[in-house]
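Biologist: Got a minute to go through this model with me? I'd like to talk about charged pairs, cysteines and a polar side chain.

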Amino acid sequence: MSISEETEKQIQQYFERAKRIYRQKGLTEADAEDCAAEVRFCLLRNVQRGGTLSNAYFQRVVRTRQRLKKLLE
């Protein structure tokens, strides 16, 4: 299933936003990028399954990844 150029752009914007959030939380650049990539993957998978992008879903995914990162430390 292909996604629109607009959706790709939105996902990239969410990726950059997630990376900034994780950096503000104290993660290294590499760790922040890894976590943001996981967020991007979740958003992309959601869209491919027929879901829509929303700020609420983005925030939920970011919080979930933050909790997971803390558990792994």
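Modeller: Let's fix one term up front: buried means under 20% relative accessible area, exposed means over 50%, and partly exposed is in between (1.4 Å probe, protein chains only). This is a predicted model, where local features need pLDDT of at least 70, side-chain atom pairs count only at pLDDT 80 or more, and totals for chains, interfaces and linings use all residues. Residues are numbered from 1 along each chain as its sequence is written, and side-chain values use heavy atoms, with hydrogens and water left out.

Biologist: OK, how many salt bridges are there?

Modeller: Four, where a salt bridge is a side-chain nitrogen of Lys or Arg within 4 Å of a carboxyl oxygen of Asp or Glu.

Biologist: Which residue pairs with glutamate 16?

Modeller: Lysine 19, with the closest N and O atoms 3.9 Å apart. The two are three residues apart in helix H1 (residues 5-24), so about one helical turn separates them. Helices here are DSSP runs (H or I, at least four residues; strands are E, at least two), numbered from the N terminus.

Biologist: And is lysine 19 buried or exposed?

Modeller: Buried, at 16% relative accessible area. Glutamate 16 is partly exposed at 31%.

Biologist: Which side chain in helix H2 meets lysine 19, 14 residues apart in sequence?

Modeller: Glutamate 33, in a salt bridge at 3.8 Å, N to O. Lysine 19 lies in helix H1 and glutamate 33 in helix H2, so the pair ties those parts together. Glutamate 33 is partly exposed, at 37% relative accessibility. Salt bridges with shared partners join Glu16, Lys19, Arg23, Glu29 and Glu33 into one network.

Biologist: Switching to cysteines: how many disulfides does a search of the whole structure find?

Modeller: Zero, counting a disulfide as a pair of cysteine sulfur atoms within 2.5 Å.

Biologist: Why is there no bond from cysteine 35?

Modeller: Because the closest cysteine sulfur, in cysteine 42, is 11 Å from its own, too far for a bond. Cysteine 35 is buried at 5% relative accessible area, and cysteine 42 is buried at 4%.

Biologist: Last one: where does asparagine 46 sit?

Modeller: In helix H2 (residues 29-48), and asparagine 46 is buried at 18% relative accessible area.

Biologist: What does asparagine 46 touch?

Modeller: Leaving out residues up to four places away in sequence, asparagine 46 touches Gly51, Thr52 and Tyr57; contact means heavy atoms within 4.5 Å. A polar atom of the asparagine 46 side chain also lies 3.0 Å from the backbone oxygen of threonine 52.

Key: Polar contact = N/O pair within 3.5 Å; in protein donor to acceptor, adjacent residues only side chain to side chain.
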